[in-house]
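Some notes on the model follow, as numbered points. Please read them with the structure open.

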Amino acid sequence: MNAPVNVDAARNVFFKQVEEPLVAYLEACLHCGQCADACHFHEASGDPRHTPAYKLFPIAKAYRSQKSPLSWLGLAPRITEKDLSEWEELLFDTCTMCGRCTTVCPMGIDIASIVGKARQAFVAAGLGPEDLLAAADFSRDHGSPLGLDPGKLEDRIEWLADENEIDIPLDKDKAEVLLTVSSIEMMKYPVSISAMAKIMNHAGVDYTFSTKGYEATNFGYLAGKADVAKIMVTRIAEAAEAVGAKTVVIPECGHAYGVLRWGGANILGKRMPFEVLHITEYMAKLKREGRLKLKPHNGSITYHDPCQISRRGGATEDARYLLDGFATDFREMTPTGNQNWCCGGGGGVQAIGRAAELRHQVFKIKIDQVEKTGAAALVSSCANCRLTMDESKAALGWKGGLESIVEIIADHLVEDGATAKAD
Ligand code: SF4
Ligand code: SF4
């Protein structure tokens, strides 16, 4: 039997979230519906309930029940168990927090962030997809959502170092850069971890991984578990401070980057004494400094912008800068950059089993975009996008596939004394 829904707990969390910026957003919505066509879920399903503004309903109702003139007379409707049960799936399964709706909203309403806050109320009520919540709890208890505990991290780093005959530093006492991992990469795409190490070694970076703080993905944030979100950020921050890192580099994971870079200080409640860069930004920095020597890549390439790295992260141009002069036949998809469509699996949706069919439906938008470019290779910089695409590709029988920009760059490094001939 399901546990009873704790509506009062949800109400309390909603009220706590309703601070000034959020109130401004809730009051600002014109109900114009322009956001509908910007959302990949609405685009793929045509379901009006997938309109972004509709996802604001629970938090807006909770706010009005306490703050509107009708509430002063005790006449404003209160959020109910039925409301919570109806919106649970919409808030978790049909929002990847991609931020595309905000780019077309005339009032600039940040629906992605509001959804992130609203999820916390659902969790307080005892709701939320079990698999996503379990991934958050597993991260808290074992260090990562996919079972990458410190011992396994050590084993896999040793194995990758041996396999590739390279140095991969772990637990150095001091380092300029703390390099982190996404367990999706380590468990499913480990080559991208050795690729990061090859690039760091090539450029002579003083870096280390740390068993004290390594998991960059933050399922606490995605699952609406603020306490777990804080634990995950704290682990990385303390590991960075312990080695005296000036920079924390986030691997190919979009949300990991967004949470630490843009939310980390707020989650911790204090300034972080290091900068946070995504690996794409870090590689671009190395290229600007003349520390990346690459042979050109022949063959056509198109780039999928992970939402949290491009649109919400600000690294849209860094990916192009990296590919410029390297990809001899680069083809932008349409739309691209900050307007690019989401893969359908961000915001934790990838980890929600019951959302799989809808995710695959959404992925048809990406297939169409990629095929129109005619490019031979689809490249991106997020392991979560990669996993989403690999699963949807298998489900739909699509022949294309996604490659990692880090792996491609690592495969084209030219060591001193070698000639930079195209492959
Ligand atoms: S943030 Fe993205 S997924 Fe969420 S409602 Fe807006 S467009 Fe849709
Ligand atoms: S586009 Fe903005 S103002 Fe219009 S309905 Fe959507 S959220 Fe509201």
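1. How many nonpolar, polar and charged residues does the shell around ligand 2 have, by class? In this predicted model, the count is ten nonpolar, three polar and no charged residues. The shell around ligand 2 consists of 13 residues. C29, C32, C35, A53 and C105 are the closest of them.

2. Ligand 1 is surrounded by 15 residues. C39, P52, C95, C98 and C101 are the closest to this ligand. Sorted by class, the shell around ligand 1 holds eleven nonpolar residues, two polar ones and two charged ones. Charged residues are thus part of the shell around ligand 1, whereas the shell around ligand 2 has none.

3. Which helices each supply at least two residues of the shell around ligand 1? They are α7, residues 100-104, and α8, residues 111-124. Helix α8 provides three residues, the largest share of the shell around ligand 1.

4. Strand β3 spans residues 247-250 and pairs with β1, residues 177-179. The two strands run parallel and are joined by three bridges. Within this pair, V177 is found opposite T247 of β3.

5. Strand β3 is also joined to β4, residues 275-278, again in parallel, by four bridges. Here T247 faces E275 of β4. T247 therefore serves as a reference point for both pairings when checking the register: V177 stands opposite T247 on the β1 side, and E275 on the β4 side. 

6. What is the hand of the β-α-β crossover from β3 to β4, right or left? The crossover is right-handed, and the chain makes this connection through helix α15, residues 254-268.

7. A further sheet is open and has four strands, in the order β6-β5-β7-β8, with parallel pairing. Why is one side of β6 and of β8 left without a neighbour in the sheet? Strands β6 (327-330) and β8 (402-404) are at the edges, and each has a single partner strand, so one side of each lacks a neighbour there. From one strand to the next, the twist averages 50 degrees.

8. In the order of this open sheet, β6 is followed by β5. Strand β5, residues 297-303, is linked to β6 by three bridges, and the two run parallel. I301 is the residue opposite F330 of β6.

Conventions: Residues numbered from 1 in each chain as written. Chains lettered and ligands numbered in written order. Predicted model: local features only at pLDDT ≥ 70, side-chain atom pairs only at ≥ 80, totals over all residues. Pairing = 2+ DSSP bridges. Axes fitted to C-alpha atoms, helices over the stretch in contact; angles between N-to-C directions. Near = placed C-beta within 6 Å. Nonpolar A, V, L, I, M, F, W, Y, C, P; charged D, E, K, R; others polar. Right-handed = clockwise from strand over helix to strand, strands pointing away.
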